[in-house]
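Here's a quick look at charged pairs and nonpolar packing in one model. Have the structure open as you read.

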Amino acid sequence: MAHPNGFTLPLATVTALVMVVSSSSLLGMALAGRQAQLAELRRRQAEDVLLSAGRQVVEQLQTTHQPLLQSWPQPAAAWPVPQPATTPLGSLHLTALQPTASAALLTLELRDASGRARTARFRARRDPSSGAIVNLRLEGA
């Protein structure tokens with residue numbers, strides 16, 4: 001006849017193993033969630049940098065090219081492309097400008113200190129009465 005307490009050690013071992021596996025699974029899910037949050041944070045920070053760069057270009061266009069804004073839309077060839085600007089974010093280049101009657105598509109390249117380049121497209125809306133650019137939206141990065 002088997003000893004009645006002979007099942008205690010195997011039961012305790014199986015229970016401990018189940019607890020280790022379940023805690024490892026929970027830890028893995030928590031780490032995966034953390035990685036997803038960090039990736040989302042990096043994506044938003046990159047968008048913020050690009051949007052800030054877009055605002056700098058729009059500000060430069062509004063201060064140095066006001067007559068062109070008043071006679072918008074001009075053909076893209078009529079717009080002088082601003083020289084690359086050095087900003088705290090890096091070197092900023094306006095690579096394309098496509099004005100239409102009420103908006104313009106701007107393509108910017110931002111090259112950071114490490115030489116990594118990011119390209120973004122913006123849609124800038126203009127107030128027809130004042131000529132000022134009143135809305136800048138990131139279309140794609």
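## E40 and its partners

E40 counts as partly exposed, at 31% relative accessibility; that label covers the range between buried (under 20% relative accessible area) and exposed (over 50%), using a 1.4 Å probe and protein chains only. Its side chain meets that of R44 in a salt bridge, N to O 2.8 Å. By salt bridge we mean a side-chain nitrogen of Lys or Arg within 4 Å of a carboxyl oxygen of Asp or Glu. Both E40 and R44 sit in helix α1 (residues 8-64), four residues apart, or about one turn of the helix. Helices here are DSSP runs of H or I with at least four residues, strands are E runs of at least two, and both are numbered from the N terminus.

The pair isn't on its own, either: E40, R43, R44 and E47 are linked in a network of salt bridges. Across the whole structure, the search turns up six salt bridges.

## How far to trust it

This is a predicted model, where local features need pLDDT of at least 70 and side-chain atom pairs count only at pLDDT 80 or more, while totals for chains, interfaces and linings use all residues. Residues are numbered from 1 along each chain as its sequence is written, and side-chain values use heavy atoms, with hydrogens and water left out.

## Salt bridges among the strands

E139 pairs with R123, with 3.5 Å between the closest N and O atoms. E139 belongs to strand β5 (residues 133-140) and R123 to strand β4 (residues 117-126), so this salt bridge ties together parts that are 16 residues apart in sequence. E139 is partly exposed at 37%, and R123 is too, at 23%.

Then there's E109 with R111, whose closest N and O atoms are 3.3 Å apart. E109 is partly exposed, with a relative accessible area of 21%, and R111 is partly exposed at 34%.

## The nonpolar core

Now for the greasy part. The largest nonpolar core (buried Ala, Val, Leu, Ile, Met, Phe, Trp, Tyr and Cys residues joined through side-chain atoms within 4.5 Å) has 18 residues, and V57, L92, L94, L106, L108, F122 and L136 have the most contacts inside it. The elements giving two or more residues are α1, β2 (90-99), β3 (103-111), β4 and β5. Helix α1 supplies the largest share, six residues.

What does F122 touch, leaving aside neighbours within four places in sequence? Its contacts (heavy atoms within 4.5 Å) include L50, L51 and G54, along with L106, L108, L136 and E139.
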